[in-house]
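Student: Hi! Could you walk me through this one, a helix to begin with and then a sheet?
Tutor: Happy to, here it is.

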Amino acid sequence: MPKMGESIEEATITNWFVKEGDRIEEDEVLLEIATDKVDSEIPSPVEGVVKKILFKQDEIVAVGTVIAVIDLEGDASSTSGEETDPAVAEKSNAPDSEPEQEISSQEEKEDKEDKEEISSTQGRFYSPLVKTIAAKEDVSQEELNSIQGSGLNGRVRKEDLLGFLEQRGAGKALSAEKPEPVATDPGALREPAKKAVPETVRGSEGDEVIEMSRLRKLIAEHMIRSKQTSAHVTNMIEVDVTSVVNWRNQVKENFLKREGVKLTYLPVFLEATVKALRDFPQINASVDGDHIVIKKKINLGIAVSLPDNNLIVPNIKDAGTLNLSGIARKMTELAAAARSNKLNPDDISGGTFTVTNFGSFQNDIGTPIINQPEVAILAVGAIKKKPAVIESPMGDMIAIRQKMWLSLTYDHRIVDGALGGAFLKRLGDYLESFDPETGNFKL
């Protein structure tokens, strides 16, 4: 199993394109894998015959684990089996009719996975095996953090988690046997609120039932986790972008010839966002327990809608070092890669602030959900002509102006209304100060 990024420790096999006995050419696609970041097709590193496939579709496999054996043509060692990895040979030769050997092989695999450490957001380490068991048994992050580990530096091992599950099961059985006492003392300990169970939906005749795609399931989990993690608040402001519209109309054809990409309004909004984030670095941050991490680099996430109606958020790395042309080129490259399923895991990890463009669907205002672990997200509405009051030396007058709404959703745990409002106002000031003669912000 190849490593698909610095933070990727395991992947799910979503599809095998070969079966045992098939001949495979070098660089021919072997299988497709999926991580919590992106889907990828994995090519064969060699030419040969597929001798053994060790993991089935939908299995989760740790990075570095042998997933298939390919017999190299003319390689005597591959046919004799003398130099075959003992662990691989044991699994490949174990008959399905011998459950004891199968269990033993599985335990060896689990022990290997248990040694591969990955960090949680709280700074503790959990192996892929522990995280998989926790997910299957519906163990919350708080419960997992409360388990006293017996491994190195207090790391939670499989045995620790299984022991916790036994105690939790015994506790549930005991509470079912005894009626729950009524607390009369306001200071008495109370059992934490139970997790809400989704209501079962009964379909009617003619209803169409569609199973969620893997990406849609990830999006659903990510959105729910964000709402449970952050206290969402949204501020809105209407901005006059007449100067931006006039400038784009003047330069868009020359920009396409010079840069090779179409000029939309979004790169201008992104450049202004970078400037506002420099002025208010507390918005370009994350929360780590009781600590606030102010990010040095501005990795600007761009929400991209996919052909299958799903959504993905690649980010422009270190956007603060790019000018408007650089932002436009990088934004176009990421959007094209997203829609053709060619993003790398690093393209969608490490974001510090996200911008979503509701205006592309002619929507005026929206209240987006924060892209964790960021603390704010900006929604850009549609640009529309509106009558507006203009102040001039000759007095007030009404004129037709190009206006749009900006919506900032922020995490109220660390961003107060004053800070969120000041950031949004500064962003609006930058856009309204745009000079159509120079293509720069006057502010």
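Student: What span should helix H7 have, and why?
Tutor: H7 covers residues 214-229, so its 16 residues should span 22 Å at 1.5 Å a residue, taken as 1.5 Å times one less than the number of residues. Its end C-alpha atoms are 22 Å apart, which agrees. Helices here are DSSP runs of H or I with at least four residues, and strands are E runs of at least two, numbered from the N terminus. Keep in mind that this is a predicted model: local features need pLDDT of at least 70, side-chain atom pairs count only at pLDDT 80 or more, and totals for chains, interfaces and linings use all residues. Residues are numbered from 1 along each chain as its sequence is written, and side-chain values use heavy atoms, without hydrogens and water.

Student: Which residues of H7 are buried?
Tutor: Ile 219, His 222 and Ser 226, where buried means under 20% relative accessible area, exposed over 50% and partly exposed in between (1.4 Å probe, protein chains only).

Student: And what do the buried residues pack against?
Tutor: Strand E10 (232-240) and strand E15 (311-312), with contact meaning heavy atoms within 4.5 Å.

Student: What's exposed on the face turned away?
Tutor: Glu 221 and Gln 228.

Student: Now the sheet: what's the order of the open one with four strands?
Tutor: E4-E3-E1-E6, with antiparallel pairing; two strands pair if DSSP finds at least two bridges between them. Strands E4 (39-43) and E6 (60-62) are the edges, each pairing on one side only.

Student: How many bridges join E1 to E6?
Tutor: Three, with E1 being residues 10-16. One partner pair is Ala 11 with Val 61 in E6.
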